[in-house]
Amino acid sequence: MNEYSLTPVQEVDGLHIKRDDLYAPFGPGEVNGGKLRQCVMLVNSVKKDYKSLLTYCSIHSPQAPITAAVARANGMPCRIVYGGTTRESVAALPMPRLAMKYGASIVLAARSGRHSILHARAKELAAQENSFIVQYGINIIGYGDTLLTAVAAQTENLPDDIENLVMTCGSGITATGVMIGLHRYGKRVKRMHLVATAPDRRGFIHETLKKYGADREFEYHDLFHSPGFVYEKSAAATWGGIRLHPHYEAKTMQWFRSSGIAPESTCLLYTSDAADEEDSVDLGGPRITKKKKNEYKKKRKRKKHNYI
């Protein structure tokens, strides 16, 4: 399967599910999903001009291992920039560990994990080594055509008439690409449901859709600001034996089950990566490097690590 292959739409217990989680170009048990496709296409379009990759994100985000895996596939070094965390957390949590399994170095860049702070630090680090920055949600600014086209193309094999189309909304890039695809392929969707697990991206989505002549109404279900919601807290949900991603589609499925929407009138877009990264991927051992050379050498004698 390459980045242009259409992933299947399956009917499971009355619910149509677009299985973009089945995009797995590196083989079974490795990173997968729609965001991986976007990263592959993005890096293919810029790699001739850069020596390495760099990304910054939440310590719980799959963007780190996705970027690291694509870097490894292209023979490029990769650095992951985190903030507001500790060496112990990086060594223990699945996403940093998986990124290091793919050969990435971890940079503990700031006491805060705020987007603006990490972005500024990432720009400084990228300038030092001619690194391309894979930004939050996978770059949209300057690379919109590449990414949105990759997403839009996957709507070609959706049913032509859909009463309810349901998907998780994080950065809004995938949701935007899907709606561009619905317009491009003439799909008739009565109600588009975005189930938000991140800050409000409605303004960004509408603004981008207008640029592509594809603006439309959608229903926005804000889980992120609902009482008790914690992004880092995983959820468990399955449908017809398909185990859903604990941070994204599992939360969307919990909303769907309580929404009263009939499965028979619904198509769910499953775009995330492996449902349970710790179970599905061999994480290997952590590799840590540190800023101070003498501390790094001492650590390396005990265990092979990768922290900066």
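How much area does the protein chain expose, and what share of it do carbon and sulfur atoms supply? In this predicted model, the protein chain exposes about 13800 Å², with 49% supplied by carbon and sulfur atoms (Shrake-Rupley method, 1.4 Å probe; for residues, only the protein chains shown count as cover). Local features need pLDDT of at least 70 and side-chain atom pairs pLDDT 80 or more, while totals for chains, interfaces and linings use all residues. Residues are numbered from 1 along each chain as its sequence is written, and side-chain values use heavy atoms, leaving out hydrogens and water.

The secondary structure comprises 11 helices and 12 strands (DSSP runs, numbered from the N terminus: H or I of at least four residues for helices, E of at least two for strands). Of the 308 residues, 54% count as buried (under 20% relative accessible area, 1.4 Å probe, protein chains only).

Turning to the interior, the largest nonpolar core (buried Ala, Val, Leu, Ile, Met, Phe, Trp, Tyr and Cys residues joined through side-chain atoms within 4.5 Å) has 33 residues. L36, L53, C78, I80, Y82, V90 and I106 have the most contacts inside this core. Elements that each supply at least two of its residues include α1 (34-46), α2 (63-73) and β4 (78-83). A second, separate core of 26 residues includes L165, M167, I180 and L209.

Two residues give a closer view of the contacts (heavy atoms within 4.5 Å). Not counting residues up to four places away in sequence, C78 touches L53, T67, A68, A71, G103, A104 and S105. T208 lies in helix α8 (residues 202-211) and is buried, at 8% relative accessible area. With the sequence limit of four places again applied, T208 touches L148 and T176.

Note on methods. Buried means under 20% relative accessible area, exposed over 50%, partly exposed in between (1.4 Å probe, protein chains only).
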